[in-house]
Amino acid sequence: MVGLPVAVLCGTYALAVLYAGTLLSLTVLGLPFVVVALLGARGLGVPHRRLVRALLGEHVEAPAGPPRPDGLLARGRAVLTDPVAWRTLLYLVLRLPLGVLGFAAAVVLPLGCGWLIGFPLWGRLMEPDSPPGAWLNAASVLLGLALLAGAPGVLRAVSGANRRLAALLLGPVRTQRRVRELEAARAALLADNSDRLRRLERDLHDGTQARLVALAITLSLTEDALDPATGPDLARLRTLLDRARGQTEETVAELRLLTRGIHPVALDGGLGEALPGLAATSPVPVTLRLDLAERPHEAIERAVYFCAAELLTNIARHSGARTALLAATVRDGRVRLTVRDDGRGGATPGGGTGLAGLAERLAAVDGTLRVDSPPGGPTEVTAELPATL
């Protein structure tokens with residue numbers, strides 16, 4: 001009901017400025033008029049987004065502000081080539097017929113249903129001497145009830161068209177939306193990397209450094225055992241050397257564990273060598289299908305490797321699967337990784353399996369993650385990335 005007067009006013013504005021802009025296009029006033037009209041249309045998109053959010057429950061993200069280059073002519077040119085302003089003007093034009101349809105579905109159709117259902121009574125009141133026939137009364141009531149039953153569906157369809165139109169034309173253009181997504185993904189990745197560096201620093205300080213200090217103390221005690229004044233204590237010397245060897249092995253193992261997430265050594269030979277190594281260490285038997293016609297960028301390889309490792313870990317921990325499939329293809333400048341298992345299914349990005357963080361890491365390199373995991377299985381996770389950055 002609210003949409004009709006808003007649609008009439010804004011639709012009239014849009015049609016009027018288009019008509020006037022066409023007439024003035026042959027004069028010097030044409031371009032300045034169109035610039036002002038487009039700025040006005042852009043401004044009208046703000047209350048429409050609020051109205052759609054308040055009454056239809058559709059949140060439409062506000063687009064980026066209009067460009068503001070230096071110079072009056074440059075600003076006018078920027079407004080004339082602003083896709084957001086033109087899309088908003090198109091929305092105002094298309095919103096007019098939708099406003100009429102919405103008002104008809106919300107007001108005219110229910111009133112018409114009420115009139116049809118009450119037709120026997122209206123007929124008796126208007127023509128008491130010759131009331132309508134019984135078959136006409138019955139048909140009118142049945143038709144009114146049928147239309148009344150369908151009225152909510154019609155209203156929902158029209159409101160759905162309003163939501164889709166607003167989301168399509170009032171939000172940011174595709175390039176702006178993609179830039180925002182990449183900025184958010186990169187910010188999340190930088191925050192994650194900062195956390196990893198802090199954890200690495202803490203582990204090196206609290207773990208590896210302490211082991212190296214203990215090793216230095218052991219070596220110092222070994223030196224004392226070689227005191228020439230009393231002669232070497234061979235039994236103690238052997239014990240201290242065994243302790244030093246054990247501390248060295250533990251320190252090396254801990255360093256390998258800490259540096260595993262920085263750059264896997266297996267990737268030195270590419271995904272063709274790294275992925276079979278991952279599959280071989282999985283507790284669940286994994287079938288490999290590799291079609292690596294070209295070698296992706298180093299950062300892409302690293303993202304694919306960690307994605308495969310995370311997905312195979314999820315299968316071992318959460319799925320209850322007996323077998324799994326890992327397929328990777330690189331062709332036509334795209335990398336596609338598919339991991340499938342015959343487990344219990346029900347995996348979701350927010351289900352505590354790390355899929356949400358994995359999707360953020362892939363988005364940082366312009367990749368996408370798709371999860372298909374109905375309850376009862378099977379689960380199939382597909383990651384697609386560009387082969388080059």
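Helices (H or I, at least four residues) and strands (E, at least two) are DSSP runs, numbered from the N terminus. The model is predicted: local features need pLDDT of at least 70, side-chain atom pairs count only at pLDDT 80 or more, and totals for chains, interfaces and linings use all residues. Residues are numbered from 1 along each chain as its sequence is written, and side-chain values use heavy atoms, with hydrogens and water left out.

**Exercise 1. The chain as a whole**

Task: state how many helices and strands the protein chain has, and what share of its residues is buried.

Solution.
- Step 1. The protein chain contains 11 helices and five strands.
- Step 2. Buried means under 20% relative accessible area, exposed means over 50%, and partly exposed lies in between (1.4 Å probe, protein chains only).
- Step 3. Of the 389 residues in the protein chain, 34% are buried.
- Step 4. Contact means heavy atoms within 4.5 Å. Among contacts with a separation of 6 or more, 71% are between residues 24 or more positions apart.

**Exercise 2. The largest cavity**

Task: determine which residues line the largest cavity and which helices supply at least two of them.

Solution.
- Step 1. On a 1 Å grid over the protein atoms alone, a cavity is a set of points where a 1.4 Å probe fits but cannot get out; lining residues have an atom within 4 Å of a point.
- Step 2. Grid points are joined across faces, edges and corners, and a volume is the space filled by probe spheres set on the points.
- Step 3. One cavity of 30 Å³ or more is present, and the largest cavity has a volume of about 40 Å³.
- Step 4. Its lining consists of Ala303, Phe306, Cys307, Leu358, Arg361 and Leu362.
- Step 5. Helix 10 (298-319) and helix 11 (355-363) each supply at least two lining residues.
- Step 6. For the classes, Ala, Val, Leu, Ile, Met, Phe, Trp, Tyr, Cys and Pro count as nonpolar, Asp, Glu, Lys and Arg as charged, and the others, Gly among them, as polar. The lining then divides into five nonpolar, no polar and one charged residue.

**Exercise 3. The largest nonpolar core**

Task: find which elements supply at least two residues of the largest nonpolar core, and which one gives the largest share.

Solution.
- Step 1. A nonpolar core is a set of buried Ala, Val, Leu, Ile, Met, Phe, Trp, Tyr and Cys residues joined through side-chain atoms within 4.5 Å.
- Step 2. The largest such core has 35 residues, and Leu326, Leu337 and Leu385 have the most contacts inside it.
- Step 3. At least two residues each come from helix 9 (271-281), helix 10, strand 2 (324-331), strand 3 (334-341), helix 11 and strand 5 (379-386).
- Step 4. Helix 10 gives the largest share of this core, 11 residues.
- Step 5. Another core, of 20 residues, lies apart from it and includes Ala14, Val17, Val60 and Tyr91.
- Step 6. Beyond neighbours within four places in sequence, the contacts of Leu326 include Leu275, Leu312, Leu337 and Val339.
- Step 7. Pro276, in helix 9, is 50 residues from Leu326 in sequence and 9.4 Å from it in space, C-alpha to C-alpha. Pro276 is partly exposed, with a relative accessible area of 28%. Not counting residues up to four places away, Pro276 touches Leu271, Leu288 and Leu290.

**Exercise 4. Strand pairing**

Task: establish how strands 2, 3, 4 and 5 pair, and where Asp332 sits.

Solution.
- Step 1. Two strands pair if DSSP finds at least two bridges between them.
- Step 2. Strands 2 and 3 are antiparallel with eight bridges; Ala324 stands opposite Asp341 in strand 3.
- Step 3. Strands 3 and 5 are also antiparallel and joined by eight bridges. Here Val339 stands opposite Val381, and Thr338 has Thr382 as its bridge partner.
- Step 4. Strand 4 (residues 368-372) pairs with strand 5 in the antiparallel sense over five bridges, with Ala383 as the partner of Leu369.
- Step 5. Six of the eight residues of strand 5 are buried.
- Step 6. The hairpin of strands 4 and 5 has six residues between the strands, and Gly376 in its turn has a positive phi of about 95°.
- Step 7. The hairpin of strands 2 and 3 has two residues between the strands. Asp332 lies in the loop between them and is exposed, with a relative accessible area of 75%. Its phi is near 55°, a positive value in a residue other than glycine. Most residues other than glycine have a negative phi.

Technical notes
On a 1 Å grid over the protein atoms alone, a cavity is a set of points where a 1.4 Å probe fits but cannot get out, and a pocket is an open set with protein on both sides within 12 Å along at least five of seven lines; lining residues have an atom within 4 Å of a point.
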